[in-house]
Amino acid sequence: MKLFVFDHCPFCIKAMMVAGLKKIDLEIVYLQNHDINARIEKVGENLVPILQKEDGSFMAESLDIVIHLDALDGNPLLLANKHKEDIARYLDAAGPFSSRLLYPRWLMIDLPEFQCQEAKDWFIAKKSKMIEQDFDDAFARSEEYLDGLNQALAEHLNWVRLPSERNNELACDDVNLFPFLRNLTVIKGVDFPSHVRKYIDEVAALTGISLYDDVAV
């Protein structure tokens, strides 16, 4: 099986978490960010992640892929959601700040989906429109956006429990939250509450997902 992804995409990380947690023999293929045709020819839409199953067919939609991979061995491990609304509130509060902090930084580190200038240019054009701001300006205002992000982290994640406090079992909540927190490790100056930082480290260890601390900007 193959999983077609971007390294920075939270929805791709959802699928990669399950593959790592269950030690699934899965080939990770990084697509170039601008190569829309590579996605459309597989699933008819510009989507990632994309799973190529053992029979050669393709599957899109991250949560469908998560469910499929978790059930492959007949022994699904992920527990049901309990904090869907809590996660939504955090993402709503953090999103305006995290997007403006993350988008410029993705082009400041070496990511496999940005290995040509066309991929970078396509990302800049698309994401600049989304945040209604050019990347240079967004990066220059990092301190301002960090204040907002740190406030969201402090106010909206008190409910988070460590995997080590629950027999190292993961739930769909973790699949829906961890990828967004993991990406924040690329930003210098994030003030993670101590339990949130421990949560990131523990989930990363359980799922084999790499963090960005060593290349943070």
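This passage describes the fold, the two domains, the core and the salt bridges of a predicted protein model. Local features were considered at pLDDT of at least 70 and side-chain atom pairs at pLDDT 80 or more, whereas totals for chains, interfaces and linings use all residues. Residues are numbered from 1 along each chain as its sequence is written, and side-chain values rest on heavy atoms, with hydrogens and water left out.

We may begin with the overall architecture. The protein chain contains 9 helices and 4 strands, where helices (H or I, at least four residues) and strands (E, at least two) are DSSP runs numbered from the N terminus. Read from the N terminus, the order of elements is β-α-β-α-β-β-α-α-α-α-α-α-α. Along the principal axes, the C-alpha atoms occupy a box of roughly 50 × 45 × 30 Å. The radius of gyration of the protein chain is 17 Å, in agreement with the value near 17 Å for a compact globule of 217 residues; this radius is taken over C-alpha atoms, and the globule rule is 2.2 Å times the number of residues to the power 0.38. Of the 217 residues, 49% are buried, a term that stands for under 20% relative accessible area, with exposed meaning over 50% and partly exposed the range in between (1.4 Å probe, protein chains only). Among contacts (heavy atoms within 4.5 Å) between residues at least 6 apart in sequence, 73% join residues at least 24 apart.

The domain assignment divides the protein chain into domain 1 (2–71) and domain 2 (87–215), with bounds that come from an automatic or database assignment. The centres of the two domains, taken over C-alpha atoms, are 20 Å apart. At their meeting place, 22 residues of domain 1 contact 25 residues of domain 2.

The interior comes next. In soluble globular proteins, nonpolar side chains tend to be buried together. Here the largest nonpolar core has 67 residues, and Y90, W106 and L181 touch the most other members; such a core is a set of buried Ala, Val, Leu, Ile, Met, Phe, Trp, Tyr and Cys residues joined through side-chain atoms within 4.5 Å. Helix α1 (residues 10–21) makes the greatest contribution to this core, with 8 residues. Both domain 1 and domain 2 supply the core with at least three residues each. Leaving aside residues up to four places away in sequence, L181 touches Y90, L153, L157, F192, V196, Y199 and I200.

L181 is also one of the buried residues of α8. This helix is mostly covered, with 10 of its 12 residues buried. The buried set also includes the charged residues D173, D174 and R182. The cover over the buried residues of α8 includes α1, α3, α4, α7 (142–156) and α9 (194–207).

Helix α3 (residues 62–71) offers a clear pattern, with S62, I65, V66, L69 and D70 buried. Viewed down the axis of α3, these buried residues fall within an arc of 125°, so they line one face of the helix; the arc is that of the directions from the helix axis to the C-beta atoms. They pack against β1 (2–5), α1, β3 (50–52), β4 (58–59) and α8 (172–183).

D70 leads on to the salt bridges, of which the structure holds 10, each being a side-chain nitrogen of Lys or Arg within 4 Å of a carboxyl oxygen of Asp or Glu. K22 and D70 meet in one of them, at 3.3 Å from N to O. The pair links distant parts of the chain, with K22 in the loop between α1 and β2 (27–30) and D70 in helix α3, 48 residues apart. Both partners are buried, K22 at 14% relative accessibility and D70 at 6%. K22 also forms a salt bridge with D73, at 2.9 Å from N to O. Since D73 lies in the loop between α3 and α4 (84–106), this second pair ties together parts that are 51 residues apart in sequence. Elsewhere, R141 pairs with E144, the closest N and O atoms being 2.9 Å apart. In this pair R141 is partly exposed at 32% relative accessibility, and E144 is partly exposed at 42%. Through shared partners, salt bridges join K22, D70 and D73 into one network.

A last site of interest is N33, in the loop between β2 and α2 (36–43). N33 is buried, with a relative accessible area of 3%. Not counting residues up to four places away in sequence, N33 touches F6, H8, R39, E113, F114, A119, W122 and F123.
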